[in-house]
Structure formats: structure tokens, C-alpha cells
Amino acid sequence: MSRGSGKGLSLKDKLEGNELDLSLCDLNEVPVRELAALPKATILDLSCNNLISLPSDFCSLMHLVKLDLSKNRLQQLPLDFGRLVNLQHLDLLNNRLVTLPVSFAQLKNLKWLDLKDNPLDPVLAKVAGDCLDEKQCKQAAVKVLQHMRAIQSEQDRQRQRKLQAEREMEKKREAEQRAKEAQERELRKREKAEEKERRRREYDAQKAAKQEMEKKTKKETVHTRKPASSSRPPQPPRHKPSWSRSVLRVLLFVLFCILCTLAACKLTELQRQPLCVSVNTLYEDVVAALQNHKTLQNMLQHNSQQ
């Protein structure tokens, strides 16, 4: 096994009590699995190696109390570095760190910290200060923890604001969706009411037309059943003929018959018949009587003139 991975090393041979010294081993990887098998090794020295980064499972070594990572080429620490909650002493001297993970604030037991000779962010560098003696290193641990907790709190507040904003946005979307659904329901309800009103008007119109048709048909049927005389214009009442008119008509008819008989007896060959002889004789007697009556009238007229 290669020495650079640390797998060729016999970790038990390097373990003295609770201290495991892996410094100056030319490591470019951390043998996390082998270290996890040694929970009694609470002090780990990985200084003076070629470590560029730490694997994420490194943070599972929660038994560590003191950790020396100085003089490597670390550019960043794992995001969940704060899981090493039992860590009290941390040496990060002479690496390539610019910032620390926010989870660093969870190292509540950290008492000693050295961040010298790292290209730190100016704010973080000012907070950390120097670590030239025991007092400064302890102050660096306290101040950096406070600074990281402030950052964590701010991030938590930002996260909370973001969550709140997202919840507000979600509520707004839900309210808009409810308003839209209510508007759609109101629109459908209005359309349904308009459709119902239209159908009612059509029904009323059809009913009125049907009633008008029935009324017209009934009227035509009544006119058809009336007698024909009822359609005629009223005629003036007829006056019953009087008795005198009837007698006059009878006399005229008798006179007409007599004239016809006289004409037949005078002008035709029937004049020699017994009936015609009697008729002619009667006619001559009547004429003579009328003449005498005329002579009498003349005499009476003459006497009256005298």
C-alpha cells in the first residue's frame, strides 16, 4: 500500500496512549477508516503532510479532542466540520484557508485556535488576531467562535426570512389561486344563471306562442261552427201582407182570367162554343150597363151645372 494514502502505515505502532502522531508521513489523504477504528486516539497530529482537503467522513471522528493540521495545503474544511463537538484544541497554522464553514460555530468546546499564516478573509483575520502565546490562541478561539456564531445566526435569520418569504409567497400564490378559482366559480355560476335565464325566456316565448296558437285555433273553430246565416248582413224584417192586399191580388187575378177568356172567345174559333157564347153575351150586357151608367153620370153632371 502507498505511504501517501496512509494505508501502508501501522497506526497502532504510532499510537502512544491516546495520542496518534501521523506528522511528516507525506500523506495526501487521511486514513479515516483506520482512524475510526482507534477511538482511544483522541489526540491526532496530521501536521507537515500534503493534505489539500479533508474527506467528508473525517467529521465522523467525533472522539477527537486535539487536532493538529498545521503546515498542509488545506484550502477549505468540510461543511459539517462542526460535528467534531468534542474538539478543544485546533491548529490550522500555515494552510491556504480563506474562510471557515458556518458549522464551525458548533465547536462549543473549542478553547485553543491557531489560524496564522492563512490567506484569511480580512474580517476573519481581524477577528482571529495573532496566536503568539497561549493567551492569544485562547482569545482567538473565543472570538472566532463568536464571529462564526454571529454569521450562523445571520444565516439562520436569512434562512428564516427566506423561508418566511417563501411561505408568504406560497400563501400569496394560494390566495391568488383561491381567488382565481372563486372568480372562475363565480363566472361559471353567472354563465349558468344567464343560460338558465335564456332558457326560461325561450320557454316563456314558446309557451306564449303556443297559447296564442291555441287561442287562434279555438277562435277559428268557433267561427266555423256558427250557422251560415250568421255571417250574412242583417236583413230588414218583412212585413206581413195585409188582408186588403190579398183581396186585391185575388181580384186582379180574376180580372186577368176574365180578360184572357174574353180574348179567347172574341178572337179565336172558340167563340161559337156554348161557354164562349155565354161569355160574349155577359160581356155585351156589362158594356151596355156601363154605358148607361155613363149616360146617367153625364145627366147628373149636367143637372149639377144648371
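**Briefing: cysteines, sheet and a leucine patch**

Cysteine 25 counts as buried, because its relative accessibility is 2%, below the cut-off of 20% that defines the buried class. The model in which this residue sits is a predicted one, and its protein chain holds 7 helices and 6 strands. Of the 306 residues in that chain, 25% are buried, and the accessible surface of the chain comes to about 22700 Å².

**Overall architecture**

- Read along the sequence, the secondary structure of the protein chain follows the pattern α-β-β-α-β-β-β-β-α-α-α-α-α.
- Among the contacts in the protein chain with a separation of 6 or more, 34% are accounted for by residues that stand 24 or more positions apart.
- Carbon and sulfur atoms contribute 54% of the accessible surface of the protein chain.

**Cysteines and the disulfide**

- The structure holds 1 disulfide, which is formed by cysteine 131 and cysteine 137, with their sulfur atoms placed 1.4 Å apart in the model.
- The link of cysteine 131 and cysteine 137 is right-handed, with 100 degrees about the S-S bond, and both cysteine 131 and cysteine 137 are buried.
- Cysteine 59 is likewise assigned to the buried class, because its relative accessible area is 0%, where the class requires a value under 20%.

**The sheet**

- The 6 strands of an open sheet are arranged in the order β1-β2-β3-β4-β5-β6, and their pairing is mixed.
- Strands β1 (15-16) and β6 (112-114) stand at the edges of this sheet, and because each has a single partner strand, one side of each is left without a neighbour in the sheet.
- The partnership between β5 (residues 89-91) and β6 runs in the parallel sense and extends over 3 bridges; within this pairing, leucine 90 has leucine 113 of β6 as its bridge partner.

**The leucine patch and helix α6**

- On the surface, Leu248, Leu252, Leu255 and Leu259 form a nonpolar patch, and together these residues have about 380 Å² of accessible area.
- One of these patch residues, leucine 259, lies in helix α6, which spans residues 243-267.
- Leucine 259 is classed as partly exposed because its relative accessible area is 47%, a value that falls between the cut-offs of 20% for buried and 50% for exposed.

Notes
Residues numbered from 1 in each chain as written. Predicted model: local features only at pLDDT ≥ 70, side-chain atom pairs only at ≥ 80, totals over all residues. Heavy atoms only, no water. Patch = residues over 30% accessible without salt bridge, like charges linked within 9 Å, V, L, I, M, F, W, Y side chains within 5 Å. Areas by Shrake-Rupley, 256 points an atom, 1.4 Å probe, with all protein chains shown as cover. Salt bridge = Lys/Arg side-chain N within 4 Å of Asp/Glu carboxyl O. Helix = DSSP H or I, 4+ residues; strand = E, 2+ residues; numbered from the N terminus. Buried < 20%, exposed > 50% of the residue type's maximum accessible area, 1.4 Å probe, protein only. Disulfide = S-S within 2.5 Å. Pairing = 2+ DSSP bridges. Contact = heavy atoms within 4.5 Å.
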